[in-house]
Protein chains: 2
Amino acid sequence: MASVTIRDVAKKAGVGVGTVSRVLNRNPAVREATRRKVLAAIEELEFTPSPIARRLSLGKTMTVAVIAPFFVRPSYVERLRGLDTVFAESEYDFILYNVETTSRRDRYFREMARSDRVDGLLIMSLVPTDNTVESFMNAGIPTVLVDAVHPRLSHIIIDDQKGGYKATKHLIDLGHRKIGYLSDHMYENPFNFQPVIDRYKGYRQALTEAGIPFHPEYHRQSELSRRIAKKVAKEMLTLPDPPTAIFAYSDTQAFGVLRAAEELGIGVPEDLSVIGYDDIEISEYLHLTTIRQQLFQSGVEGAKLLLEEIDIQHPEPREIVLPTELILRKTTVPLAAP
Amino acid sequence: MASVTIRDVAKKAGVGVGTVSRVLNRNPAVREATRRKVLAAIEELEFTPSPIARRLSLGKTMTVAVIAPFFVRPSYVERLRGLDTVFAESEYDFILYNVETTSRRDRYFREMARSDRVDGLLIMSLVPTDNTVESFMNAGIPTVLVDAVHPRLSHIIIDDQKGGYKATKHLIDLGHRKIGYLSDHMYENPFNFQPVIDRYKGYRQALTEAGIPFHPEYHRQSELSRRIAKKVAKEMLTLPDPPTAIFAYSDTQAFGVLRAAEELGIGVPEDLSVIGYDDIEISEYLHLTTIRQQLFQSGVEGAKLLLEEIDIQHPEPREIVLPTELILRKTTVPLAAP
DNA sequence: CGCCTATATGGAACCGGTTCCATTGGTCCA
DNA sequence: TGGACCAATGGAACCGGTTCCATATAGGCG
């Protein structure tokens with residue numbers, strides 16, 4: 001069955017293979033009558049061209065790779081959806097490579113630096129080393145970063161420093177001065193996630209601007225799980241002089257803080273204001289004040305950028321910065337007079 | 001740069017191209033000395049074989065397609081993770097085709113029925129028509145369904161009828177007899193999702209067994225959003241004789257029910273027991289009693305099954321049924337004496 | 001020692017497209 | 001009417017692997 005080839009079509013239509021190929025590729029240099037003959041033969045033989053053969057002779061794979069860590073996390077899923085909407089409308093397929101360990105990451109980076117494996121590479125939240133970037137460039141593979149930065153590659157980022165700043169400033173504007181920050185791990189951060197650094201910077205910047213000294217005890221680190229966040233939040237809330245407001249690195253961690261407060265009998269928002277980051281779906285349901293990121297949009301922009309760079313030869317690296325937005329709900333209120 | 005071919009290697013090593021190919025494919029009919037010469041040449045030229053060329057001459061794509069609807073929903077993401085762990089260890093890549101409309105679905109089904117586009121097809125939650133199945137078979141494309149059933153295709157399902165039964169039975173065992181069921185849309189169900197039917201059947205079965213007559217007013221349908229679920233739950237809870245317990249089709253809808261109860265001043269669990277379905281991550285945090293499905297495992301099994309079917313010629317369709325589990329938390333309690 | 005067989009190897013043909021060059025046929029202009 | 005030029009087309013060569021067949025070499029056995 002199957003395997004009707006372009007040669008069969010050519011024979012049937014009484015033309016050469018070149019002509020059939022030209023018809024398939026909408027090359028205008030084919031007379032209308034010839035074109036119709038070929039189309040009739042294609043119809044009759046139920047011919048469909050083989051993408052693989054096409055790829056081999058074109059030297060293109062019509063495929064892009066998306067390398068992303070932990071694609072189960074809600075924020076990644078949202079970004080992937082953005083990518084998908086763009087790629088689905090293009091003639092490119094995308095293959096998803098999920099990274100959960102540094103060794104998987106390194107393996108994928110190595111494999112992709114093969115000139116004919118994929119036509120483009122979209123890397124999410126991971127920062128390739130200079131050597132790796134070098135290998136992509138040598139192989140001539142257009143590469144775009146989403147949620148990560150490298151000076152030689154185009155990237156889409158969210159202004160996380162501003163986001164961290166906004167969250168902290170919001171609490172300061174409400175009169176708070178004892179402001180805790182529950183962040184992701186900053187030093188044991190094998191993937192070097194950039195936002196971890198940036199949000200922290202924003203936090204520090206807002207404090208400095210308001211003339212509030214940084215209090216190391218108010219900065220705690222936990223992984224992105226509710227359970228651990230709850231434990232760490234409890235430590236912070238049982239300090240002799242506990243914070244009156246807490247900014248959490250993610251909404252998930254903010255839920256840990258809420259639970260910690262509940263278990264310690266601390267009322268939110270009257271005794272403690274809490275602000276998260278991400279605005280995941282459930283946050284609205286739980287009335288969490290938070291910082292919304294344009295996650296879906298970051299995927300869309302990343303995919304578009306990559307498709308553009310595949311088309312042009314030597315693109316200048318570009319940077320697109322997406323803004324954040326404060327979503328005011330019910331977990332932050334002005335500091336009660338003492 | 002790049003494009004060192006097998007012929008370059010052959011020349012360098014002073015052997016024929018066939019021999020190089022044999023070395024690459026670990027064909028044992030190569031003398032150790034020859035083999036070493038070839039490997040040395042490969043090393044020296046930094047040769048890496050082109051997957052595309054390999055695919056063309058093998059007539060295989062080394063790629064499988066995964067067609068899934070709405071991959072943002074937590075339950076699909078969990079299943080995809082299961083798939084990913086299996087495919088990542090195999091030599092197959094997988095391309096994700098996200099379906100959000102019936103036309104996208106039909107387009108993908110048509111495109112995949114090309115014998116050389118992909119080597120295998122994994123379809124999630126969508127039921128192909130007999131004609132479509134026919135076209136896959138003619139093209140010789142192994143196909144596996146996850147969370148859907150077709151008599152001629154292997155499939156992995158979760159025992160949703162039993163799941164619906166378990167949820168309902170649990171409420172009955174607690175003494176409830178006025179049991180509402182908030183389901184997904186059963187008739188305006190463009191994708192014909194099978195679980196929608198099965199859970200409903202389980203609900204009816206449990207009622208029948210316990211001798212409780214089915215009360216149509218207690219069966220309401222809403223889409224899978226919290227907001228709509230809340231609205232519909234309110235209708236049910238403001239009936240003259242409202243249910244004392246509600247089983248929701250998904251955890252997300254269960255949260256809508258909880259919010260509806262809260263807004264109506266109905267206490268959960270003392271005045272109303274609520275049970276969900278899925279056991280998504282946030283459910284534990286909110287203490288929701290629910291039915292847990294083996295989502296991750298369903299992905300793993302589906303991927304394994306597909307890889308097996310790619311290897312053998314004419315597999316008999318197989319069926320794997322995964323069980324569900326009642327997760328007891330704090331939103332269901334025995335019916336208070338009147 | 002010579003013949004036969006098994007093993008190792010070279011390389012042409014092939015997979016199914018695209019592309020480029022040569023050729024044909026026709027039009028236009030002097 | 002003849003020459004120049006252009007548009008349309010045929011088909012060989014190519015992309016980079018795999019496979020199969022023919023051939024060379026070595027080893028075994030009488």
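Domain bounds here come from an automatic or database domain assignment, and the model itself is predicted.

**View 1. Chain A, split into its domains.** Chain A falls into three pieces: domain 1 (6–49), domain 2 (61–158 + 295–322) and domain 3 (160–293). Take the C-alpha centres of domain 2 of chain A and domain 3 of chain A, and you'll find them 30 Å apart. Where these two meet, domain 2 of chain A puts in twelve residues and domain 3 of chain A puts in eleven residues. On the domain 2 side of that contact, eight residues are nonpolar, three are polar and one is charged.

**View 2. Where chain B meets chain A.** Here 30 residues of chain A come up against 31 residues of chain B. On the chain B side, the elements giving two or more residues are helix H4 (51–58), helix H5 (74–89), strand S2 (93–99), helix H7 (130–139) and helix H12 (281–285). Sort that side of chain B by class and you get 16 nonpolar residues, nine charged and six polar.

**View 3. The protein surface around DNA strand C.** There are 26 residues around DNA strand C, and those that come nearest are Ile6(A), Val15(B), Gly16(B), Gly18(B) and Thr34(B). Both chains chip in with helices: helix H2 (17–24) and helix H4 (51–58) of chain A, plus helix H2 (17–24) and H4 of chain B, each give two or more residues. H4(A) has the largest share of this surface, with five residues. As for class, the surface near DNA strand C has twelve nonpolar, twelve polar and two charged residues.

**View 4. The protein surface around DNA strand D.** Now for the other strand: of the 26 residues around DNA strand D, the ones that come nearest are Gly16(A), Gly18(A), Thr34(A), Ile6(B) and Ser57(B). H2 and H4 of chain A, along with H2 and H4 of chain B, each supply at least two residues here. For DNA strand D it's H4(B) that gives the most, with five residues. The class split near DNA strand D is twelve nonpolar, twelve polar and two charged.

**View 5. Two helices of chain B, packed together.** Two packed helices are described by the angle between their axes and the distance between the axes. For H2(B) and helix H3 (residues 32–45) of chain B, the angle is about 90 degrees and the axes are 10 Å apart. Angles of 65 to 115 degrees count as roughly perpendicular, so H2(B) is roughly perpendicular to H3(B). On H2(B), the contact is made by Thr19(B), Val20(B) and Val23(B); on H3(B), look for Thr34(B), Arg35(B), Val38(B) and Leu39(B). That contact between H2(B) and H3(B) breaks down into four nonpolar residues, two polar and one charged.

**View 6. An open sheet in chain B.** Strands of a sheet pair through backbone hydrogen bonds, either parallel or antiparallel. In this view, four strands of chain B form an open sheet in the order S7-S6-S8-S9, and the pairing is parallel. Strand S7 (219–221) and strand S9 (273–275) of chain B sit at the edges with a single partner strand each, so each has one side without a neighbour in the sheet. On average, neighbouring strands of this sheet are turned by 20 degrees against each other, direction ignored.

**View 7. Zooming in on one strand pair of that sheet.** Strand S8 (residues 245–248) of chain B runs alongside S9(B) in the parallel sense, and three bridges link the pair. One residue pair to look for is Ile246(B) with its bridge partner in S9(B), Val274(B).

How values were computed:
Residues are numbered from 1 along each chain as its sequence is written. Chains are lettered from A and ligands numbered from 1 in the order in which they are written. This is a predicted model: local features need pLDDT of at least 70, side-chain atom pairs count only at pLDDT 80 or more; totals for chains, interfaces and linings use all residues. Two residues are in contact if their C-beta atoms, placed from the backbone, lie within 7 Å. Ala, Val, Leu, Ile, Met, Phe, Trp, Tyr, Cys and Pro count as nonpolar, Asp, Glu, Lys and Arg as charged, and the others, Gly among them, as polar. A residue is near a molecule or strand if its C-beta atom, placed from the backbone, lies within 6 Å of it. Axes are lines fitted to C-alpha atoms, for helices over the stretch in contact, and angles run from 0 to 180 degrees between N-to-C directions. Angles under 35 degrees count as roughly parallel, over 145 as roughly antiparallel, 65 to 115 as roughly perpendicular and the rest as oblique. Two strands pair if DSSP finds at least two bridges between them.
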